[in-house]
Amino acid sequence: MSFITAHALDSMVGTPAADLEVTLYSGDEVIVSARTDDNGRVSDFGPDHLEPGDYRIVFGTGDYFAAREIDHFHPVVTIDFTVQAGQEHYHIPLLLSPFAYSTYRGS
């Protein structure tokens, strides 16, 4: 399992958000970019370890909704987070709808 994993659920239809672009950044540098699978998950996402510090994950929500011809408000959802020393894994879930979103630190 990657040090970072992500999961996106489309709350409008009650299903996983499949084929959603997800990109992990350190500053302006792209570490990895991937797309969610049929279960809305990105399990193989980046390195096995990240140094402590600040990172950013960006979900391409605008393209996701545009591909489904659904009007939406957020072109991207950006989540900034801090990796602490001694942690083994970070899971970043996204609960998504065209006009709102919610996230938390998963397990």
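Strands E6 and E7 pair in the antiparallel sense, joined over 7 bridges. Within this pairing in the predicted model, phenylalanine 59 stands opposite valine 77 of E7. E6 also pairs with E3, again in the antiparallel sense, over 4 bridges. There, tyrosine 25 has arginine 56 of E6 as its bridge partner. E6, which spans residues 53-59, is thus paired with E7 and with E3.

The strands just described also contribute to the largest nonpolar core, to which E3 (21-26), E6 (53-59) and E7 (77-83) each give two or more residues. The other elements that do so are strand E1 (4-10), strand E4 (29-35), helix H1 (61-67) and strand E8 (90-97). The core has 26 residues, and those touching the most other members are Ile4, Leu24, Phe45, Ile57, Phe59 and Phe81. In soluble globular proteins, nonpolar side chains tend to be buried together.

Isoleucine 57 offers a view of the surroundings of one such residue. Apart from residues up to four places away in sequence, isoleucine 57 touches Val22, Thr23 and Leu24, together with Val77, Thr78, Ile79 and Phe81. Its remaining contacts under that condition are Ala6, Phe45 and Ile92. Among these partners, Leu24, Phe45 and Phe81 are themselves listed with Ile57 as residues that touch the most other core members.

Aromatic side chains form a further layer of the description, with 4 aromatic pairs in the count. One of them joins tyrosine 64 and phenylalanine 65 in an edge-to-face arrangement, with 5.1 Å from centre to centre and 75 degrees between the planes. Tyrosine 64 counts as buried because its relative accessible area is 4%, and phenylalanine 65 is likewise buried, at 0%. Another pair, phenylalanine 81 with tyrosine 90, is tilted, at 6.3 Å centre to centre and 40 degrees between the planes. Phenylalanine 81 is buried at 13% relative accessibility, and tyrosine 90 is buried at 4%. Phe81 and Tyr90 belong with Phe3 and Tyr55 to one aromatic cluster. Phe81 therefore takes part in a buried setting, with its relative accessibility of 13%, while also being one of the residues that touch the most other members of the core.

Attention now turns to the annotated positions. An unreviewed UniProt entry places the feature "binding site" at His7, Arg41 and Tyr104. Histidine 7 lies in strand E1 and is classed as buried because its relative accessible area, 12%, is under 20%. Leaving out residues up to four places away in sequence, histidine 7 touches Asn39, Gly40 and Arg41 as well as His91, Ile92, Pro93 and Leu94. The side chain of histidine 7 also reaches the backbone oxygen of asparagine 39, at 3.2 Å.

Arginine 41, another of the annotated positions, is found in strand E5 (residues 41-42). Its relative accessible area is 36%, so arginine 41 is partly exposed, whereas histidine 7 is buried. Beyond its neighbours within four places in sequence, arginine 41 is in contact with Ala6, His7, Arg35, Thr36 and His91. His91 is thus a contact of arginine 41 and a contact of histidine 7. Arginine 41 and threonine 5 are 36 residues apart in sequence, yet their C-alpha atoms are 7.6 Å apart in space.

The path continues to the end of strand E8, which spans residues 90-97. E8 is joined by 4 bridges to strand E9 (residues 100-103), and the two run antiparallel. Together E8 and E9 form a hairpin with 2 residues between them. Serine 97 is placed in E8, and its bridge partner in E9 is alanine 100. Serine 97 is buried because its relative accessible area is 18%, a value under the 20% limit. Outside its neighbours within four places in sequence, serine 97 is in contact with Ser11 and Phe65; Phe65 is also the partner of tyrosine 64 in the edge-to-face pair.

Finally, the unreviewed UniProt entry lists residues 4-106 as "domain: Transthyretin/hydroxyisourate hydrolase". This span is 7% helix and 49% strand, and its end C-alpha atoms lie 11 Å apart.

How values were computed: Residues are numbered from 1 along each chain as its sequence is written. This is a predicted model: local features need pLDDT of at least 70, side-chain atom pairs count only at pLDDT 80 or more; totals for chains, interfaces and linings use all residues. Side-chain values use heavy atoms; hydrogens and water are left out. A nonpolar core is a set of buried Ala, Val, Leu, Ile, Met, Phe, Trp, Tyr and Cys residues joined through side-chain atoms within 4.5 Å. Buried means under 20% relative accessible area, exposed over 50%, partly exposed in between (1.4 Å probe, protein chains only). Contact means heavy atoms within 4.5 Å. UniProt positions are given in the numbering used here, feature names are shortened, and annotations may be inferred rather than shown by experiment. A polar contact is a pair of N or O atoms within 3.5 Å; within protein, one must be able to donate a hydrogen and the other to accept it, and residues adjacent in sequence count only if both atoms are side-chain atoms. Two strands pair if DSSP finds at least two bridges between them. Rings of Phe, Tyr and Trp (its six-membered ring) pair if their centres lie within 6.5 Å; planes under 30 degrees apart count as stacked, over 60 as edge-to-face and the rest as tilted.
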